Amino acid sequence: MHQVPVSRPLQNRVTPAGDIIATPERGLMMGNRGGRIHTDAKTLSGARWRSKAWIICLLSFKDRRREVMGASYTELFFLDEATALAAGHRPCFECRRADAHAFATLFPGPGRSRAPAMDERLHTERLSPPERVAMDTLPDGALFEWEDAAWLRQRGRFFRWQNSGYTDSRPVTGDAVHALTPPATRAVLAAGYQPILHPSINP
């Protein structure tokens with residue numbers, strides 16, 4: 001008997017911890033990690049990045065069309081921008097030019113407005129273990145670990161992250177948590193940068 005192949009989701013969805021998983025949901029944002037990290041069979045290779053430039057892009061830009069996991073770089077997808085920022089990515093200077101400049105202006109340290117300087121610092125921070133920080137120091141838009149799950153802080157409330165969106169808010173107890181969003185990016189958020197959030201966040 002002839003069997004019809006079952007279509008399975010590609011391993012190209014990024015979690016707040018930076019892991020790349022397979023799930024049917026694609027989210028609001030796309031990005032990459034500087035090149036191709038997949039095989040001709042559209043599975044991930046052993047690499048998880050090709051350069052230190054991990055970017056966050058729009059799903060649609062100038063009517064461009066791409067084959068996902070085709071001959072070029074590996075397209076990655078994020079629930080929203082807060083998720084991508086937590087995973088160590090930054091806004092793209094091509095398709096998100098205004099947001100990229102706003103992010104760079106608020107980025108801490110010398111050479112903050114230059115992409116290579118930001119990429120170097122973010123690369124160091126995303127390779128480090130999650131930092132344990134006081135709960136009240138987390139800015140809006142930052143994600144953290146609590147009870148084996150990822151949570152978003154927004155407007156003083158806490159929303160549990162899932163592949164399909166955020167669940168209803170609930171209290172989070174404890175004085176300190178492990179921050180997923182890198183320190184430099186938390187500084188950008190604290191200075192006023194507002195990431196694009198999934199619509200499951202209550203208004």
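**Two cysteines and a helix face**

C92 is buried, at 8% relative accessible area (buried means under 20%, exposed over 50%, partly exposed in between, with a 1.4 Å probe and protein chains only). This is a predicted model, where local features need pLDDT of at least 70, side-chain atom pairs count only at pLDDT 80 or more, and totals for chains, interfaces and linings use all residues. Residues are numbered from 1 along each chain as its sequence is written, and side-chain values use heavy atoms, leaving out hydrogens and water.

**Exercise 1.** Work out how many disulfides there are.

*Solution.* Start with the rule: a disulfide is a pair of cysteine sulfur atoms within 2.5 Å. Next, take C92: its closest cysteine sulfur, in C95, is 3.9 Å away, too far for a bond. C95 is buried too, at 14% relative accessibility. So the count by this rule is zero.

**Exercise 2.** Check the span of helix α3, then find where its buried residues lie.

*Solution.* Helices here are DSSP runs (H or I, at least four residues; strands are E, at least two), numbered from the N terminus. The expected span is 1.5 Å times one less than the number of residues. For the twelve residues of α3 (115–126) that should be 16 Å, and the end C-alpha atoms are indeed 16 Å apart. Now list the buried ones: A115, M118, D119, L122, H123, E125 and R126. Looking down the axis, they fall within an arc of 165° (taken from the directions from the helix axis to the C-beta atoms), so they line one face of α3.
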